Amino acid sequence: MKKFEAIDFFELDANFSPEQIQIRDSVRSFVDSEIIPNIEEQHRNASFDRGILPKLGELGVLGPQIKGYECAGVDYTSYGIIMRELERGDSGLRSVCSVQSSLAMHSIYKWGTEEQKNKYLPKMAKGEFLGCFGLTEHDHGSDPGGMRCKAIRKGDKYILNGNKMWITSGSIADLAVVWCKNEGGKVIGLIVDKDAPGFKTNLIKNKFSLRASVTSELIFEDCEVPMSNQLQVEGLKGPFSGLNSARYGICWGSIGAAMACFDEALNYAKTRIQFDKPIASFQLVQAKLVEMFTEITKAQLLAFHLGLAKDSGKLLAQQVSMGKMNNVSMALDVARECRDILGANGITDEYQVGRHMANLESVNTYEGTEDIHRLILGQHITGIAAFR
Ligand code: TGC
Ligand code: FAD
């Protein structure tokens, strides 16, 4: 297989520090050696290799943005670079790392007690513990504020009842950060260990998207959670603070998937002969390649600027919404166009475009659908919330 060539038309990587370049190169070569050779098989069999977790821990990509607790403590541009390189391999791989880093670990780091941080974060950074994040329910996806999952206090425990749906890594996680309502109807966060009495999971089967990542239902039936596992926050700002970070990572990650598709389609177009010529020599094919090259470059500029803003502490959640909405939609369009350039070959898993295309359908939906981010921006511009 030809070596991957990234797009960097505006030489953005030249702005990276030596440490950021080193992070880019080490994650890129990890993806080449550990992910690319196995991913089609895993996608075909809908399997996730848990053995990859300690390797990801050693690479330093689990909770890399967290300072202390045996985490790498890198800046947010580096975090973005990591997500871009991982998603070049597979969106499911990036998903597992996003959920671990920005949703589960971030929630514990931001809202946890010192005891909770010391108990969970070092093991999660090493890949010894895998976390998941339960916000969505069957009947409450875009509108998580309507959640029904409920925790009632009983002595020094909470008794948790309800379900969470579409939870990445749910069935294989060692702990779940679960958002539910207390008796007063306030949203609270609980860390639920996998062996908590009354906690079980169901694997969601037959997905056509993110097949190499586990997606599950979490079921709580009089589940006992010690009070000491409660996070120190009330309200939706609890889960949303992690979502801001995970959505930012997706702004970069989606570029990785788009670049993987573009690289494959460009190579294909240069070698596929029709009418006695490589198809890359036809103007219509060149127009498609140029359009994709331009859109990927624009998305890179957007992600790069979001990284600078995040590192300087000035990033607005609405700016992240623009990045998530634009970059995932761009990546999905690129994957579909690349699939077209590959003709019939594009529908087989001998090539990666179909896998990325199917994965990106999930990425466009989770962490706030494309239209929810459109409405968040609509509210920002007009001052009027159009959700309800
Ligand atoms: P609203 O009334 O606007 O806000 C309620 C409270 O939340 C605060 N808040 C935020 N805080 C920090 N960052 C943000 N981005 C925030 N957005 C809202 C807000 O300030 C308020 O706080 P307070 O103290 O005043 O109570 O909320 P709403 O109920 O009207 O909902 C607004 C809406 C629709 C934008 C929001 O609910 C939304 O974003 N919906 C999308 C749901 C979503 O993104 N779900 C993600 C689930 S997790 C997931 O998908 C993981 S995929 C993992 C993988 O990568 O594999
Ligand atoms: P709905 O909210 O029912 O939306 C359906 C359609 O209606 C969408 O097109 C949406 O844009 C549109 N819509 C909804 N409301 C409005 C409105 N007000 N105005 C206009 N249009 C609207 N969740 C977690 O908590 N943790 C996870 O780890 C997790 N992992 C996931 C992994 C995968 C593979 C997938 C697919 C999802 C995952 N999710 C997770 C759930 C994800 O966050 C939700 O699917 C997402 O928030 C959308 O919710 P929904 O599927 O219920 O769609």
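# Close-up views of two ligand sites in a predicted model

**Figure 1. Ligand 1 occupies the largest pocket of the predicted model.** This predicted model places 25 residues around ligand 1. Ser95, Ser142, Asn244, Arg247 and Glu367 come closest to ligand 1. By class, this shell comprises 13 nonpolar, 7 polar and 5 charged residues.

**Figure 2. Polar contacts of ligand 1 involve serine 95, tyrosine 366 and glutamate 367.** A polar side-chain atom of serine 95 is placed 2.7 Å from an oxygen atom of ligand 1. In the side chain of tyrosine 366, an N or O atom lies 3.5 Å from an oxygen atom of the ligand. Glutamate 367 contributes through its backbone, where a polar atom is 2.9 Å from an oxygen atom of ligand 1. Of the 1,100 Å² that ligand 1 exposes when taken alone, the protein buries 71%.

**Figure 3. Helices H4, H6 and H10 contribute to the shell around ligand 1.** Helix H4 spans residues 91-111 and helix H6 spans residues 237-271. Each of H4, H6 and H10 provides at least two residues of the shell. The largest share, 5 residues, is supplied by H6.

**Figure 4. Ligand 2 also sits in the largest pocket.** Around ligand 2 there are 17 residues, of which Phe133, Thr136, Ser142, Trp166 and Thr369 come nearest. The shell around ligand 2 is made up of 8 nonpolar, 7 polar and 2 charged residues. Ser142 is thus listed among the closest residues for ligand 1 and among the nearest for ligand 2.

**Figure 5. Side chains of serine 142, threonine 168 and threonine 369 make polar contacts with ligand 2.** An N or O atom in the side chain of serine 142 is 2.6 Å from an oxygen atom of ligand 2. The side chain of threonine 369 places an N or O atom 2.7 Å from an oxygen atom of the ligand. For threonine 168, the ligand partner is a nitrogen atom, 2.9 Å from an N or O atom of the side chain. On its own, ligand 2 has 970 Å² of accessible area, and the protein covers 67% of this area.

**Figure 6. Ligand 2 lies between domain 2 and domain 3.** Domain 2 (131-234) and domain 3 (238-382) both give residues to the shell, so ligand 2 lies between them. Strand E3 (157-168), helix H9 (353-365) and helix H10 (370-382) each supply at least two shell residues. Strand E3 provides the largest share, 3 residues. Helix H10 also supplies at least two residues of the shell around ligand 1.

Key
Residues numbered from 1 in each chain as written. Chains lettered and ligands numbered in written order. Predicted model: local features only at pLDDT ≥ 70, side-chain atom pairs only at ≥ 80, totals over all residues. Heavy atoms only, no water. Near = heavy atom within 4 Å. Polar contact = N/O pair within 3.5 Å; in protein donor to acceptor, adjacent residues only side chain to side chain. Areas by Shrake-Rupley, 256 points an atom, 1.4 Å probe, with all protein chains shown as cover. 1 Å grid on protein atoms, 1.4 Å probe; cavity = no way out; pocket = protein on both sides within 12 Å on 5 of 7 lines; lining within 4 Å. Sits in = over half its atoms within 2 Å of the grid points. Helix = DSSP H or I, 4+ residues; strand = E, 2+ residues; numbered from the N terminus. Nonpolar A, V, L, I, M, F, W, Y, C, P; charged D, E, K, R; others polar. Domains from an automatic or database assignment.
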